[in-house]
Amino acid sequence: EVVDKLADNTTNIAHFTKKIYIPYTDIFRVAKEKMSNNWQGQLDQSEKGYYYKNMFPKIQKKPWFNNESNRSFIRIISRIRNQHALYPKYRKKIGLQNDENCECGEVGDLEHYVIGCPRHGMYTDGLYNKLVKLIELPFNLGSLISSGNREVYQALYKYITYRNIKL
C-alpha cells in the first residue's frame, strides 16, 4: 500500500531535464586551481624537501625553465636547486665515496664545491664580478638560486661548464 502511494506520487511529479552547457575552459580553470591548491597544501605539510621549500615556498604556475631549450642548462640548475648534484658530501650520502671532503680538504657541500673552493681561485673572482652586477650583496648559493634571476642562472651555468665542475 505504501509502495503504491509512492509510485502514484512519483508519476504525478513533473520531471524537468535541461541541459546546461559549461565551457571546458571554465572547468579546466577550476580544476587546475584546485590541483594547485592541493599540491601547495601537500608541500606545506610535507616534512621532506626542507631546503627547497625554504627557497621556494610557493608553487609556481610555470616551471622555472619555461622557454629554455638548453637541456644541459636545465639539468645543472635543477640539480643545484634540488641539491642532488654530485658534490662530495652528496656522493658520500648516496654511497659513491667514503668521505665528504673536497680535494682541497674542506667539507665538500654544494656551496663549497660550486663557488667556495679555493681550487677555482681567479675563476670564482670572475663569477663574483658578474654576480655583484645582478644581485644584492651579500649572497650565497641559496640566495643566487632562490632569486629566480635567469641572468644569475646563466652566469652560474657558464662558470660551472667553463670550470668543468661535474654536477
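Colleague: Which residues of the largest nonpolar core touch the most other members?

Modeller: In this predicted model, Leu-156 and Leu-167 touch the most other members among the 31 residues of the largest nonpolar core. Two or more residues of this core come from each of H4, helix H6 (110–116), helix H7 (121–131), helix H8 (141–146) and helix H9 (150–162), and H9 gives the largest share, seven residues.

Colleague: What makes a residue such as Leu-167 a contact partner of others, and which residues does Leu-167 touch beyond its neighbours within four places in sequence?

Modeller: Contact requires heavy atoms within 4.5 Å, and with those sequence neighbours left aside Leu-167 is in contact with Ile-76, Arg-79, Ile-80, Ala-85, Leu-86, Leu-110, Tyr-113, Val-114 and Ile-160. As a general background, nonpolar side chains in soluble globular proteins tend to be buried together.

Colleague: Why is the pair of Arg-150 and Glu-68 called a salt bridge?

Modeller: The rule asks for a side-chain nitrogen of Lys or Arg within 4 Å of a carboxyl oxygen of Asp or Glu, and the closest N and O atoms of Arg-150 and Glu-68 are 3.0 Å apart, so the pair counts as a salt bridge. Arg-150 lies in helix H9 and Glu-68 in the loop between helix H3 (50–55) and H4, so this salt bridge ties together parts that are 82 residues apart in sequence.

Colleague: How many salt bridges does this rule give, and what does Glu-103 pair with?

Modeller: The count comes to two, and Glu-103 forms a salt bridge with Arg-119, with the closest N and O atoms 3.1 Å apart. Here Glu-103 sits in the loop between helix H5 (88–93) and H6, while Arg-119 sits in the loop between H6 and H7, so the parts tied together are 16 residues apart in sequence.

Colleague: Why is Glu-103 called exposed, and what is Arg-119 called?

Modeller: Exposed means over 50% relative accessible area, and Glu-103 has 71%, so the term applies to Glu-103. Arg-119, with a relative accessible area of 37%, is partly exposed, because partly exposed covers values between 20% and 50%. Arg-150, at 28%, likewise counts as partly exposed.

Colleague: What lines the largest pocket, and which residues are closest to its centre?

Modeller: The largest pocket holds about 530 Å³ of space, and of its 20 lining residues the closest to the centre are Tyr-52, Lys-58, Ile-59, Gln-60 and Arg-81. Helix H2 (24–45) and helix H4 (71–82) are the elements that give two or more residues to this lining, with H2 giving the most, three residues. By class, the lining has nine nonpolar, seven polar and four charged residues.

Terms used: Residues numbered from 1 in each chain as written. Predicted model: local features only at pLDDT ≥ 70, side-chain atom pairs only at ≥ 80, totals over all residues. Heavy atoms only, no water. 1 Å grid on protein atoms, 1.4 Å probe; cavity = no way out; pocket = protein on both sides within 12 Å on 5 of 7 lines; lining within 4 Å. Points joined across faces, edges and corners; volume = space filled by probe spheres on them. Helix = DSSP H or I, 4+ residues; strand = E, 2+ residues; numbered from the N terminus. Nonpolar A, V, L, I, M, F, W, Y, C, P; charged D, E, K, R; others polar. Core = buried A, V, L, I, M, F, W, Y, C linked by side-chain atoms within 4.5 Å. Buried < 20%, exposed > 50% of the residue type's maximum accessible area, 1.4 Å probe, protein only.
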